[in-house]
Amino acid sequence: MSTKTPSEEDILSPVDRFSKKYLTIYGIATLGLVAFLVAWAYQLQKGLIVTGLGDWGSGGGVTWGLYIGAFIWWVGVAHGGIILSASVRLLGMDRYMPVARIAELTTIGGLSAAGFYILVHMGRPDRMVTSVIGHYHITVNNSPLVWDVTVITAYFVLSATYLGLTVRYDVNRLRDQLPDRFEPIYKLLTIGYTEKEDEVIERMVWWLAAAVIIMAPLLLHGGVIPWLFALLPAMPAWTGGIQGPTFLSIALMSAISGVTIISYIFRRAYDWDHIITDDIFRGLLLWLGFFILLYLWFQLQSVLNGVYLGPLAKAHAAEGKLAHPVYQFAIALVFTTLVYIFLQAIRPALFSKKRALLASGAVLVATLSEKVLFVVEGFLHPTFDIYWNTPGTYFPSAIEWLSLVGTTALVALLFLSVSRLVPVVELHAVEHLRGDHGHEQEHASDATEPEVEA
């Protein structure tokens with residue numbers, strides 16, 4: 001365990017340090033985003049037919065595929081991220097304070113990627129305007145897309161406000177140590193700031209955190225997004241009240257995994273062993289195991305409801321999902337991760353940061369695979385026949401795979417850029433850790449102090 005005392009200089013390391021590794025990663029992420037933008041331009045020129053998402057049945061596969069599967073996945077990562085950060089503030093989980101802002105930035109990045117997918121899947125970006133304005137009187141009430149956009153936009157504003165309020169405190173107190181080249185941005189972030197507002201902002205952030213926790217099961221990844229599928233009785237692979245809890249558990253699994261990976265990268269890049277400690281990774285792993293357990297339980301409920309004397313269409317959909325290699329692969333990854341988390345909890349020697357990183361990566365791959373399959377399977381097992389022939393199959397096109405590369409690069413660029421602008425670890429976290437460190441040193445000195453005879 002590191003005995004180094006956390007300081008402001010530590011959290012300012014990404015702002016001050018400019019390395020070849022940083023430039024290399026930035027360049028790779030930029031190339032990934034540009035590659036997708038080129039592919040998207042080709043799609044705009046030729047139409048969605050280049051992805052194979054233009055037909056349903058014998059002529060193609062599904063009208064939704066990786067685009068919507070990845071959209072749901074990114075929304076889940078975003079929602080889970082802000083829930084994690086809100087829990088830290090609302091429930092007093094100070095242990096995870098060093099990764100709270102990383103979770104908030106994960107939310108902003110995830111929502112940006114999810115919103116981008118809606119734009120891409122519309123085929124033509126102008127439809128985002130014409131389909132709403134031209135049919136406003138019916139669209140807002142009846143279109144799942146409009147409700148998705150509304151929720152994502154509202155959540156983005158809520159999350160950005162939440163993040164902005166906490167950043168004001170840090171920028172004001174660290175202004176002399178921040179680079180002058182970003183002075184206009186810092187002035188904008190701290191406009192009208194006085195130290196008298198700190199107490200008010202603390203209360204505002206607390207209420208925003210409360211709103212996030214309340215909204216999560218009602219409107220966010222436990223509400224509007226799963227309702228898009230759960231309320232369609234003609235699609236037996238989708239319909240059912242279990243979708244809300246399942247989506248929420250996947251969101252939290254994905255977010256914890258993403259925050260673990262990003263935290264590990266920052267810890268290793270800037271020697272933050274004394275800030276993002278092993279204890280944080282152990283705690284995140286245990287929470288990950290808890291939500292994995294919930295997810296597997298929800299999956300069991302869904303499968304049993306389909307295969308045990310359920311409606312014929314529901315049974316076919318459940319059997320198709322169970323027999324699909326992608327579903328088996330996803331569940332195997334999740335279950336294996338749960339076994340590791342359970343074993344390392346019993347025998348701490350099995351814990352390591354690299355194993356935690358591997359477990360988190362496995363969960364992210366599993367949740368993305370399951371979400372894409374979830375979308376596809378819903379189309380392949382409807383209760384009605386659109387085509388006389390046997391339904392076709394689906395496999396993501398190169399453009400769809402590049403979309404995943406591009407959105408991942410977009411999130412990476414967000415972290416790389418923001419880390420050069422403001423601290424990605426809150427000043428409050430450093431102050432809290434420094435207080436704990438001081439108490440530990442005090443106790444240590446008391447323990448080693450020789451006894452004095454009366």
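This report walks through the empty spaces in this structure, then looks at one helix and two residues with an unusual backbone angle. Keep in mind that the model is predicted.

**Empty spaces**

How do you find the gaps in a protein? Rolling a probe the size of a water molecule over the atoms shows where empty space is left.

Let's start with the largest pocket, which holds about 950 Å³ of space. It is lined by 29 residues, and the ones closest to its centre are Ile25, Ile261, Ile262, Ile265 and Ala412. Which elements give two or more residues to this lining? They are helix 3 (20–46), helix 4 (66–90), helix 12 (243–270), helix 16 (353–380) and helix 17 (398–418). Helix 12 gives the largest share, with 9 residues.

Now for the cavity. The structure holds 1 cavity of 30 Å³ or more, and the space in the largest cavity comes to about 190 Å³. Its lining has 18 residues, and Ala237, Gln243, Ser302, Lys321 and Phe374 lie nearest the centre. At least two lining residues each come from helix 12, helix 13, helix 14 (312–323) and helix 16. If you've been keeping track, helix 12 and helix 16 also turned up in the lining of the largest pocket.

Here is how the two linings divide by residue type:

| Space | Nonpolar | Polar | Charged |
|---|---|---|---|
| Largest pocket | 19 residues | 7 residues | 3 residues |
| Largest cavity | 7 residues | 6 residues | 5 residues |

**Helix 3 and the residue after it**

Helix 3, one of the elements lining the pocket, has 27 residues. From its first C-alpha to its last it reaches 39 Å, close to the 39 Å expected at 1.5 Å a residue. Which of its residues are buried? They are Tyr22, Ala29, Gly32, Leu33, Phe36, Ala39, Trp40 and Gln43. What do these buried residues pack against? Their partners are helix 4, helix 5 (100–121) and helix 17. Two of those partners, helix 4 and helix 17, also give residues to the lining of the largest pocket.

Step just past the end of helix 3 and you meet Gly47, which takes a positive phi of about 100°.

**Asp271, in a loop**

Asp271 also has a positive phi, about 55°, although it is not a glycine. You'll find Asp271 in the loop between helix 12 and helix 13 (278–307). Is Asp271 buried or exposed? The cut-off for exposed is over 50% relative accessible area, and Asp271 has 52% relative accessibility, so it counts as exposed.

Notes:
Residues are numbered from 1 along each chain as its sequence is written. This is a predicted model: local features need pLDDT of at least 70, side-chain atom pairs count only at pLDDT 80 or more; totals for chains, interfaces and linings use all residues. Side-chain values use heavy atoms; hydrogens and water are left out. On a 1 Å grid over the protein atoms alone, a cavity is a set of points where a 1.4 Å probe fits but cannot get out, and a pocket is an open set with protein on both sides within 12 Å along at least five of seven lines; lining residues have an atom within 4 Å of a point. Grid points are joined across faces, edges and corners, and a volume is the space filled by probe spheres set on the points. Helices (H or I, at least four residues) and strands (E, at least two) are DSSP runs, numbered from the N terminus. Ala, Val, Leu, Ile, Met, Phe, Trp, Tyr, Cys and Pro count as nonpolar, Asp, Glu, Lys and Arg as charged, and the others, Gly among them, as polar. Buried means under 20% relative accessible area, exposed over 50%, partly exposed in between (1.4 Å probe, protein chains only). The expected span of a helix is 1.5 Å times one less than its number of residues. Contact means heavy atoms within 4.5 Å.
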